[in-house]
Every structure is written in C-alpha cells, then in structure tokens.
Amino acid sequence: MPRKVYSIDHKLTSSHKINKAKMGCGYFTCSRNALMALNILYVMIAVLLIGVAAYAKAISFIDSLAIIGAVIGCGAFLLLLACMGIFGAAKHHQICLFFVSFT
C-alpha cells in the first residue's frame, strides 16, 4: 500500500499557515522589490542626466552639440533600460529581465 506524502504545509493548521503572497522577503518578492528599487534609482539618474545636459545647453555652459547629444542619448538609453527593468520585475517577465541583465 503506497504511503501518503505530506508537504510541510499539511502539518500546519489553517489558522497557522503563512500567506506566501504577503511575505516581505520570500520567494520572488524580495528579488522583485530589490530590482524595482534599483531600477527606480536608474530612472532618477537618467532623468538627472537628461536634465543636466539640457540645463547646460540652455545656459550655454557647453556649446558642443555632440557632447550634449551624447549625454542626453545615454540618459534616454538608461531610462529605456530602467523602464524595461521595472516592467520585467513587476510582471516577472523573463525576456525583459534577460535583456536588462545583459546590457
């Protein structure tokens, strides 16, 4: 006669079970929160890059259009990557996370 296999949750009564979706740091939740925080930091840095370059051009601190364009381009690329990372972390979209991790 085959034995019954019980999981760890089977030994706990229903009043003692932990709601895994509400755990602060377990399973994918901790990784997702860390990735979201890091990507929000990247968004702030990208906006700062774009803003500083635009401000430097507005007050004629830097006259070279190539330098301003390169800094704004880097900021836009970082902003795109950060938005892709936020989407990938929030939706657990593995393709987005793959591309973000290799860039």
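Before you click on anything, here's a word you'll need: a residue is buried if its relative accessible area is under 20%, exposed if over 50%, and partly exposed in between (1.4 Å probe, protein chains only). You're looking at a predicted model, so local features need pLDDT of at least 70 and side-chain atom pairs count only at pLDDT 80 or more, while totals for chains, interfaces and linings use all residues. Residues are numbered from 1 along each chain as its sequence is written, and side-chain values use heavy atoms, with hydrogens and water left out.

**Stop 1: the whole protein**

Switch to cartoon view. The protein has four helices and zero strands, so reading from the N terminus you pass α-α-α-α. (Helices are DSSP runs of H or I with at least four residues, strands are runs of E with at least two, and both are numbered from the N terminus.) Of the 103 residues, 15% are buried. Turn on the surface: about 8100 Å² is accessible, and 71% of that belongs to carbon and sulfur atoms. Those areas come from the Shrake-Rupley method with a 1.4 Å probe, and for residues only the protein chains shown count as cover.

**Stop 2: helix α2**

Select residues 29-58, which make up helix α2. Its 30 residues should span 44 Å, and the end C-alpha atoms sit 43 Å apart, which agrees. (The expected span is 1.5 Å times one less than the number of residues.)

Which residues of α2 are buried? Colour Thr29, Asn39, Ala46, Ala53 and Ala56. These buried residues pack against α3, residues 65-91. Contact here means heavy atoms within 4.5 Å. A handy rule while you spin the view: an α-helix has 3.6 residues a turn, so residues three or four places apart point the same way. Just past α2, look for Ser60, whose phi is positive, near 60°.

**Stop 3: a nonpolar patch**

Now pick Leu38, Ile40, Leu41, Tyr42, Met44, Ile45 and Leu49, which form a nonpolar patch on the surface with about 580 Å² of accessible area together. Patch members have over 30% relative accessible area and no salt bridge; nonpolar side chains (Val, Leu, Ile, Met, Phe, Trp, Tyr) are joined within 5 Å, like charges within 9 Å. A salt bridge is a side-chain nitrogen of Lys or Arg within 4 Å of a carboxyl oxygen of Asp or Glu.

Zoom in on Ile40, found in helix α2; at 43% relative accessible area, Ile40 is partly exposed. Tyr42, also placed in α2, is partly exposed at 33%. Leaving out residues up to four places away in sequence, Tyr42 touches Leu78 and Ala82. Tyr42 and Leu79 are 37 residues apart in sequence, yet their C-alpha atoms are 7.1 Å apart in space.

**Stop 4: helix α3**

Follow the chain to α3. Its 27 residues should span 39 Å, and the end C-alpha atoms are 38 Å apart, which agrees. Select its buried residues: Ile68, Gly75, Leu81, Ala82, Gly85, Gly88 and Ala89. What do they pack against? The partners are α2 and α4 (94-101). After α3 comes His92, with a positive phi near 55°.

**Stop 5: a ring cluster**

Finish with Phe98, Phe99 and Phe102, linked into a cluster by ring pairs. Rings of Phe, Tyr and Trp (its six-membered ring) pair if their centres lie within 6.5 Å; planes under 30 degrees apart are stacked, over 60 edge-to-face, the rest tilted. The count comes to two aromatic pairs. Phe98 and Phe99 have ring centres 5.6 Å apart and planes at 70°, so this pair is edge-to-face. Phe98 is partly exposed at 46% relative accessibility, and Phe99 is partly exposed at 46%.
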